[in-house]
Amino acid sequence: MASSTPPPHCSITTTNPRSHSRTKSNRVVSLTNPTPSAAAAGAPPCCASSKPLCPAKTHPLASASPSSPRNPNFPSLSDFSGRRSTRFVSKMHFGRHKPSPTSSRHTSVAEDALHQVIRVNATDHRALDAVLHAFAPNLSGSDDYTFLLRELGNRGDCSKALRCFDFAVQRERRKNEQGKLATAMISVLGRMGKVDLARKVFDDAAAQGYGNSVYAFSALISAYGRSGYCDDAIQVFEAMKKSGLRPNLVTYNAVIDACGKGGVEFSRAANILNEMLSDGVLPDRITFNSLLAVCSRGGLWEAAQNLFSEMIYRGVDQDIFTYNTMLDAFCKGGQMDLAFQTMSEMNSKNICPNVVTYSTMIDGYAKAGRLSEALNLLEEMKYAGIGLDRVSYNNLLTIFAKLGRFDEVVNVCKDMESSGIRKDTVTYNALLSGYGKQGKYDDVKKVFQAMRHEHISPNLLTYSTLIDIYSKGGLYQEAMEVFTDFKKTGLKADVVLYSALIDALCKSGMVETAISFLDEMTKGGIKPNVVTYNSIIDAFGRSAIKDFQTDSPAEASELQNESSSSTLPPARSQNGNRIGSGFIKILGHLAAEKPCYLKKYDGKPLEILCILAIFHKMHELEIKPNVVTFSAILNACSRCSSFEEVCMLLEELRLFDNKVYGVAHCLLMGCRGSVWVQAQSLFDDVKQMDSSTASAFYNALTDMLWHFGQKQGAQLVVLEGKRRHVWENLWSDSCLDLHLMSSGAARAMVHAWLLNIRSIVFEGHELPKLLSILTGWGKHSKVVGDGTLRRHIEALLNSLGAPFRLAKCNLGRFISTGINTYMIMMLPSL
């Protein structure tokens with residue numbers, strides 16, 4: 001998957017003739033209406049399989065009834081929302097058909113003129129004018145000059161193109177021909193990303209009386225769209241309509257394409273489609289490919305399905321770009337099985353998968369953690385004789401790095417070089433991420449140095465990745481040094497980099513500085529996301545409250561100037577430590593907005609008030625909390641000093657999400673029955689998350705329940721996690737592996753496991769000769785073998801009188817042998 005541009009709004013191949021005509025029909029196809037039967041409309045197998053992509057119902061258009069009832073199975077526009085994505089689908093341009101030279105309307109004189117113009121130095125205006133004057137008598141009007149403008153634009157000769165344009169406009173006296181030249185110049189500048197110059201040409205043409213045309217407006221809309229300026233494109237679109245001009249198919253395609261490149265919500269693009277249909281302009285393949293690109297950017301796979309079905313109903317042919325974009329939407333939506341099914345059925349439509357198709361699928365499998373399937377597709381790609389491009393190589397590097405197969409990473413880099421493909425920023429970012437996730441921090445530094453040595457400029461993602469790597473590895477000083485280096489580059493930070501920095505600061509105990517950066521990013525117009533707030537919530541919920549004291553001036557001054565002092569008096573946390581001004585800033589801001597809020601909780605721990613303040617702020621900014629937020633808050637609950645405090649926190653949060661926090665509160669209160677049914681629904685939602693996020697959720701919930709004495713509830717939760725395979729290779733009759741479990745979850749699991757062993761004995765079955773409980777060595781502890789989890793499990797086993805002892809050869813393993821195992825059935829404490 002390469003760069004980020006959906007299909008342009010120029011014709012790909014010959015389209016259905018009726019797609020270009022206007023009709024008197026004002027039927028609006030809202031994407032909330034049912035789609036046609038895939039089978040009836042001649043859908044490809046991917047839509048007519050045993051599990052159809054779209055509902056197989058009669059399309060309401062068959063009876064030409066605009067007021068037909070809506071299909072409840074068709075998602076409403078309100079169900080869709082744009083998501084942030086780091087890449088898009090310009091890859092779809094690969095292999096696009098280009099007109100043959102014989103189809104061009106320029107003369108051979110124009111080609112001769114081009115060769116002479118290319119030889120002229122760009123700064124030598126006199127020489128350029130001399131060439132143009134020499135060829136002017138033989139150049140055939142706007143067609144020849146348009147050829148010159150286009151070819152100079154393709155070569156990046158912006159100044160020469162503008163000089164040729166000025167020359168041509170001055171010689172041409174007919175307004176319509178001048179308008180053609182202006183449209184061509186705007187298009188050329190748009191393709192070069194020179195939107196400001198394109199706008200100036202448009203404004204000058206309008207002022208001179210030859211720029212007020214549908215074509216000039218459409219070209220300017222396209223120029224803005226290509227650079228991702230969707231709002232500007234739509235403003236030009238609205239201005240065009242106000243001027244009395246009627247948009248045509250090219251105009252609508254341009255503005256929909258701008259929506260795709262600008263990352264707008266799907267509903268906005270769909271509204272333009274509906275307006276297009278109301279205006280009697282029928283969509284063509286370019287229209288649908290651009291709409292699919294909007295779905296692709298946001299991972300809206302269901303909307304992509306429905307658009308595909310609409311294409312079939314309208315008789316609009318699909319091409320490789322259609323399928324590649326749809327596959328991208330499936331992959332980003334996490335629907336890899338559906339993506340594979342669709343790809344495998346492309347051949348039945350005489351559309352052969354290309355390098356973009358395979359790269360998209362391989363990347364999707366890699367991000368889904370299905371690495372073996374990604375490698376299988378790679379082998380299939382090689383067998384089909386499709387050579388790897390830079391995107392494919394980068395995907396391959398990512399996969400091998402995730403697998404820790406660094407010898408093969410080196411081999412892939414060598415293959416890239418031998419193929420003449422230089423490593424780019426994406427390549428180095430993949431290497432940095434791969435080595436970082438494996439904890440190879442020395443290699444991370446070497447890769448970054450090599451990147452600099454090769455004069456490959458790091459981008460925002462590079463710095464964000466490095467800060468995140470060092471933060472997760474506990475190398476907070478290195479993370480701060482990366483940020484200091486970043487500040488020297490002049491790059492503008494985005495929400496990803498700020499979030500990584502704030503997370504590093506929070507984990508290193510510099511919470512006050514983290515909050516000041518939160519303030520800085522919001523004042524700079526950068527909206528925090530859920531990741532940003534999760535880091536701060538987690539920091540406030542940590543047990544080491546001493547970390548929340550004021551940062552040392554030496555550390556803080558290296559990152560940011562001191563913030564203005566608060567007028568509020570010094571405060572203390574629940575254990576009596578003095579709290580820095582960062583706490584006061586949040587509470588002061590909250591008090592200004594909701595004066596009754598602090599009064600209601602007067603005397604309560606300020607850490608809890610800060611968590612509630614942040615949660616209120618998230619709600620205000622319409623930032624939806626996720627499972628990580630929930631886990632962070634539950635961790636904070638586990639560290640509350642009293643049962644009343646945690647109840648207060650959960651009761652307040654129930655006002656925002658009763659399903660999540662209501663279940664937690666009821667389980668904490670010892671409720672069962674109907675609450676457990678609601679809990680099962682919550683667990684179903686968590687099942688959709690990746691394994692590390694799911695285990696963090698179960699760990700946090702169980703820790704809270706265990707901490708406040710709800711041992712039976714804690715056991716129910718961990719057994720549910722075991723049933724849902726949250727922790728792999730966890731439980732057997734002879735061994736219990738607690739490596740990936742938190743303290744509370746591990747103790748609850750030990751209880752449940754011992755009860756299971758006792759039931760085995762009572763039922764008259766034999767026990768294994770050796771029982772083992774694995775807790776880990778505590779390699780990161782100050783004393784190897786003295787891990788926190790090991791100590792907690794040892795204390796639990798001793799309190800139960802369970803006949804386990806430490807193994808001599810493994811300091812993190814408890815064993816029980818022989819007749820001792822039968823003593824478990826006599827344990828009175830279970």
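**Strand pairing, a buried serine and model confidence**

Ile-773 has Phe-814 as its bridge partner in strand 6. This pair belongs to a predicted model, in which strand 4 (residues 770-774) and strand 6 (residues 810-817) run antiparallel and are joined by 5 bridges. Strand 6 is also joined to strand 5 (residues 805-807), again in an antiparallel arrangement, through 3 bridges. Within the pairing of strands 5 and 6, Ala-807 stands opposite Asn-810. The connection between strand 5 and strand 6 is a hairpin of 2 residues. In a regular strand, side chains alternate between the two faces of the sheet.

A second region of interest is helix 7, which spans residues 214-226 and contains Ser-218. The relative accessible area of Ser-218 is 5%; because this value is under 20%, the residue is classed as buried. Apart from residues up to four places away in sequence, Ser-218 touches Asn-248, Val-250, Thr-251 and Ala-254. One of these contacts, Asn-248, is separated from Ser-218 by 30 residues in sequence, whereas the C-alpha to C-alpha distance is 8.8 Å.

Confidence varies along the protein chain. The average pLDDT is 74, and 76% of the residues score at least 70. Helix 13 (residues 320-332) has the highest confidence, at a mean of 91, while the lowest, a mean of 38, is found in strand 1 (residues 571-572). The pLDDT is below 50 over residues 1-103, a stretch with 234 contacts in the model beyond near neighbours in sequence. Residues 586-601 likewise have a pLDDT below 50, and this stretch has 29 contacts in the model beyond near neighbours in sequence.

How values were computed:
Residues are numbered from 1 along each chain as its sequence is written. This is a predicted model: local features need pLDDT of at least 70, side-chain atom pairs count only at pLDDT 80 or more; totals for chains, interfaces and linings use all residues. Side-chain values use heavy atoms; hydrogens and water are left out. Helices (H or I, at least four residues) and strands (E, at least two) are DSSP runs, numbered from the N terminus. Buried means under 20% relative accessible area, exposed over 50%, partly exposed in between (1.4 Å probe, protein chains only). Contact means heavy atoms within 4.5 Å. Two strands pair if DSSP finds at least two bridges between them. pLDDT is the predictor's confidence in each residue, from 0 to 100.
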